Amino acid sequence: MLNVAVCAPLMGRDLTPLREFEPRARILDGNDAFEALNRARAAGDAAAEAQALALLDPILREADVVCMSFPMLRDVAARAPRLRWLHHTQAGVSNLVSTDVWSAEHVLLTSGRGHVRPTAMAEYVIAGALAFARGVHDGYLDKAKGALDRSHYAQMRVEGATMGVIGLGGIGKEVARLARAL
């Protein structure tokens, strides 16, 4: 039996599809404990953090596979001695550089690159392109100075412009689709 710990609340509360996908896998639901841990850390509540880890650690100790979202635990490999595979739900494994799984030779690292929420990331790209094209950043800088000076605004029209997209993975394809719609 393969033990798969899910610490990725963005996957939703119902883990039934995972259980049905591979009946031989035992799905360990760590979502509540992982969310509690992240809330405690954000609040700087050491007691709540210790309580959340007390719930999460037994789940991780049994895990052969961990599916984890952001923010990553820095010491997940130490907490999961049976760990052989860690799947990070975000677009890349670069978020794992500061964790102990990055250098764990026995742990396979994978990510949701191109498959998890590419539209949300593509919308950030489009929003950034529009903000810079229309000079929103200049307005923000002027606000910080307390003076509006439009003389340095370098606005450009988005209509009819061409956007270059480097890399046509899941996110890049979605950026291209949204840019074409503009």
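**Exercise 1. Work out how much space lies in the largest pocket of this predicted model, and which residues and elements line it.**

Start with the volume: the largest pocket holds about 380 Å³ of space. Keep in mind that we're looking at a predicted model. Next, look at the lining. It is made of 14 residues, and V4, L18, F21, V65 and W85 are the closest to the pocket's centre. Finally, map the lining onto secondary structure: at least two residues apiece come from β1, α1 (16–21), β2 (25–29), β3 and β4 (85–88).

**Exercise 2. Find the residues that touch the most other members of the largest nonpolar core, and say which element gives the largest share.**

Step one is the membership. The core has 25 residues, and L56, L60, V66, M68, L73, V76 and L86 touch the most other members. Step two is where the core comes from: β1 (2–7), α2 (31–43), α3 (46–62), β3 (65–68) and α4 (76–79) each give two or more residues. Among these elements, α3 provides the largest share, with five residues.

Now zoom in on L60. Once you set aside neighbours within four places in sequence, L60 contacts C7, V66, L73, V76, R79 and A80. There's also another core, apart from this one, with eight residues including V6, A8, L15 and C67.

**Exercise 3. Check the span of helix α7, then decide which residues are buried and which are exposed.**

Do the length check first. Helix α7 covers residues 170–181, so at 1.5 Å a residue its 12 residues should span 16 Å; the end C-alpha atoms are 17 Å apart, which agrees.

Then sort the residues. G172, E174, V175 and L178 are buried. Those four cover an arc of only 160 degrees around the axis, so they sit on the same side of α7. The general pattern helps here: an α-helix has 3.6 residues a turn, so residues three or four places apart point the same way. Over on the other side of α7, K173 and R180 are exposed. What do the buried residues of α7 pack against? Their partner is α5 (118–133).

**Exercise 4. Locate P71 and D142, and describe the peptide bond before P71 and the contacts of D142.**

P71 sits in the loop between β3 and α4. The F70 to P71 peptide bond is cis, its omega being near 0 degrees.

D142 belongs to helix α6 (residues 136–145). Is D142 buried or exposed? Its relative accessibility is 2%, so D142 counts as buried. Leaving out residues up to four places away in sequence, D142 touches A147, L148, D149, H152 and Y153.

How values were computed:
Residues numbered from 1 in each chain as written. Predicted model: local features only at pLDDT ≥ 70, side-chain atom pairs only at ≥ 80, totals over all residues. Heavy atoms only, no water. Expected span 1.5 Å × (residues − 1). Buried < 20%, exposed > 50% of the residue type's maximum accessible area, 1.4 Å probe, protein only. Arc of directions from axis to C-beta. Contact = heavy atoms within 4.5 Å. Core = buried A, V, L, I, M, F, W, Y, C linked by side-chain atoms within 4.5 Å. 1 Å grid on protein atoms, 1.4 Å probe; cavity = no way out; pocket = protein on both sides within 12 Å on 5 of 7 lines; lining within 4 Å. Points joined across faces, edges and corners; volume = space filled by probe spheres on them.
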